[in-house]
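Biologist: I am new to this structure. Could we go through the model together?
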Amino acid sequence: MSSDILVLGAGMVGVGTALALRQRGHAVTLVDRKAPGQETSYGNAGIIQREAVRPYAFPRDWRKLVQVALRRGNDVHYHAAGMPALATRLYRYWSHSAPRAYPGIAAAYAALIAHSLSEHAGWIRQADAEDLVKREGWMQGFRTPALFEQAGREAREAAQAHGLGCDLLDGEALAHRVPALRQRLAGAIHWRDPWAVNDPGELVARYAALFERMGGRLLRGDAASLRRQGAGWAVDTQEGPVQAAHAVLALGPWADAALVRFGYRFPLFVKRGYHRHYAGGATLDMPLLDVEQGVMLAPMRRGLRLTTGAEFAPIDAPPTPVQLAEAERSTRELVDLGQGVEAQPWLGARPCTADMKPVIGAAPRHPGLWFNFGHGHQGFTLGPASGRLVAELIGGETPYVDPRPYSPQRF
Ligand SMILES: Cc1cc2nc3c(=O)[nH]c(=O)nc-3n(C[C@H](O)[C@H](O)[C@H](O)COP(=O)(O)OP(=O)(O)OC[C@H]3O[C@@H](n4cnc5c(N)ncnc54)[C@H](O)[C@@H]3O)c2cc1C
């Protein structure tokens, strides 16, 4: 079998890429070892984060570092045994988070985030997925007044600089807006622009179904079989080998394993995260982040999904859902949580880069090989926007966003 372009990985990023390429008339084969949207793009908090103009920096405040090192907070956890292998990449992450480096990174990040809603909008409509999406934003809730005041000031500045809608709600206004809250909080920041998806995996599945309706081919196969063939690329699938002139690696947190085979060593790592659904208790009409506990409460079709913050550990290390246990305890103070739906929590891994920007563009030493991975905390948001960018680069179009900040050449 042959195709113009192979896309390896059918998470939000790979499916977004496949759609953008197919829209441009290429013959596209999308290959995954599972059905589309079954991995990280399934288990996230489902927010299309238009407000995420500042990527998550490594903490620079020594008090926060001590808190993390002593495991005193619940937003970050780590496996001590995994740290030596990660040390160099985390040092680079820390350096890129320095005040002199960070503003340029954030500006580049914001340039892509600015297109997140508009690039999703058309696909949501064409994929008949309006029933999954709510356009009322999401909230960051604070327990401590001083933290709320500081975060509120920063939010206002960001909103003004980037033309975002944001309301500050004091404790009383928040209690009125979210009647399910059992406890009076200091207040909340309501970001009005973002959209909340109540079944993120299903949105990816509907996008993939649209891709097939548009004439794209979706196959099961293992990206580990990707190889040079003549002037192009080939991969083995359940339907046999498929050849193409171009191949795009969109393997999310598994990109590193594929890259090593081709001799690339990028500063990639994962921040693992857990979720579990709870049903029979309170319902919320938009996601609410309990900022100080590092817990997102996201209303989903299966119940209230609690998602946890970052766990620094190898992708395949055994699960240690201590953050989720603490999240459940602290959330029961806030709302009637009901009963856990699944026996075991879901575990996934945010695909991160040391400079917080995704890797989008041509492989430096392999003609016809393209990269689109490393979207960290916002891959569900950025899949269609970065899919369009890589599709434009492959087709030789003038890119709609300056691609240089995301170039694989930077490593
Ligand atoms: C707890 C949590 C909450 C989050 N909340 C949000 C949020 O609210 N908003 C947001 O924008 N982002 C959020 N994120 C981040 C977001 O989920 C990820 O950035 C995004 O899903 C990454 O998409 P992806 O397509 O790159 O990776 P994935 O969705 O993981 O897709 C990679 C695909 O590659 C396939 N694959 C891997 N190896 C092979 C192989 N050898 N052969 C064939 N196929 C292979 C996998 O099966 C998978 O389908 C969250 C993440 C977590 C963990």
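Modeller: A word on terms before the surface: accessible areas come from the Shrake-Rupley method with a 1.4 Å probe. The chain, which is a predicted model, exposes about 17,000 Å². Carbon and sulfur atoms supply 52% of that area.

Biologist: What is the secondary structure of the chain?

Modeller: The chain comes to 12 helices and 22 strands. Its radius of gyration is 21 Å, close to the 22 Å from the globule rule for 411 residues, so the chain is as compact as a globular protein of that length. The C-alpha trace spans about 65 × 45 × 45 Å along its principal axes.

Biologist: How many of the 411 residues count as buried?

Modeller: Of the 411 residues, 57% count as buried. As for contacts between residues at least 6 apart in sequence, 76% of them join residues at least 24 apart.

Biologist: And the charges: how many positive and negative side chains are there?

Modeller: There are 46 positive and 39 negative side chains. The centres of these two sets lie 5 Å apart.

Biologist: Now the interior. Which residues have the most contacts inside the largest nonpolar core?

Modeller: Val7, Leu112, Leu203 and Tyr207 do, in a core of 68 residues. A second, separate core has 25 residues, including Val31, Val235, Ala258 and Val359.

Biologist: What is Tyr207 in contact with?

Modeller: Apart from neighbours within four places in sequence, Tyr207 contacts Met12, Val15, Leu19, His120, Trp123, Ile124, Ala127 and Pro384.

Biologist: And Leu203, where is that found?

Modeller: Leu203 is in helix H9. With a relative accessible area of 0%, Leu203 is buried. Its contacts, again leaving aside neighbours within four places, are Met12, His120, Ile124, Ala129, Leu132, Val197 and Phe380. Leu203 and Met12 are 191 residues apart in sequence, yet their C-alpha atoms are 8.6 Å apart in space.

Biologist: His120 and Ile124 came up for both residues. Which residues of H6 are buried?

Modeller: Ser116, Leu117, Glu119, His120, Ala121, Gly122, Trp123 and Ile124 are buried in H6. That helix covers residues 116–126 and is mostly covered, with eight of its 11 residues buried. After H6 comes Asp128, whose phi is positive, near 60°.

Biologist: Why remark on the sign of phi?

Modeller: Most residues other than glycine have a negative phi, so a positive value is worth pointing out. Arg71 is another case: it is not a glycine, and its phi is positive at about 55°. Arg71 sits in the loop between helix H3 (62–69) and strand S4 (76–78). Met356, also not a glycine, has a positive phi near 70°. The place of Met356 is the loop between strand S20 (346–353) and strand S21 (359–362).

Biologist: Are those two buried or exposed, or in between?

Modeller: Arg71 has 39% relative accessibility, so it counts as partly exposed. Met356 has 8% relative accessibility, so it counts as buried.

Biologist: Let us change to other loops. Where is Pro194?

Modeller: Pro194 lies in the loop between strand S8 (187–191) and strand S9 (195–197). Its relative accessibility is 0%, so it counts as buried.

Biologist: What does Pro194 touch?

Modeller: Not counting residues up to four places away in sequence, Pro194 touches Ile47, Ile48, Gln49, Arg50, Glu51, Lys134, Arg135, Glu136, Gly137 and Trp138. The C-alpha atoms of Pro194 and Gln49 are separated by 5.1 Å, although their positions lie 145 residues apart along the chain as a sequence distance.

Biologist: What about Gly215? Buried or exposed?

Modeller: Gly215 counts as exposed, at 52% relative accessibility. Gly215 is in the loop between helix H9 (200–213) and strand S10 (217–220). From Gly215 to His26 there are 189 residues in sequence and 9.8 Å in space, C-alpha to C-alpha.

Biologist: One last loop: where is the place of Asp336, and what does that residue touch?

Modeller: Asp336 is found in the loop between helix H11 (322–334) and strand S19 (339–340). Leaving out residues up to four places away in sequence, Asp336 touches Arg182, Gly281 and Ala282. Asp336 is partly exposed, with a relative accessible area of 37%. Asp336 and Ala247 are 89 residues apart in sequence, and their C-alpha atoms are 48 Å apart in space.

Note on methods. Residues are numbered from 1 along each chain as its sequence is written. This is a predicted model: local features need pLDDT of at least 70, side-chain atom pairs count only at pLDDT 80 or more; totals for chains, interfaces and linings use all residues. Side-chain values use heavy atoms; hydrogens and water are left out. Helices (H or I, at least four residues) and strands (E, at least two) are DSSP runs, numbered from the N terminus. The radius of gyration is taken over C-alpha atoms; the globule rule is 2.2 Å times the number of residues to the power 0.38. Buried means under 20% relative accessible area, exposed over 50%, partly exposed in between (1.4 Å probe, protein chains only). Contact means heavy atoms within 4.5 Å. Lys and Arg count as positive and Asp and Glu as negative; His and the chain ends are not counted. The place of a charge is taken as NZ of Lys, CZ of Arg, CG of Asp or CD of Glu. A nonpolar core is a set of buried Ala, Val, Leu, Ile, Met, Phe, Trp, Tyr and Cys residues joined through side-chain atoms within 4.5 Å.
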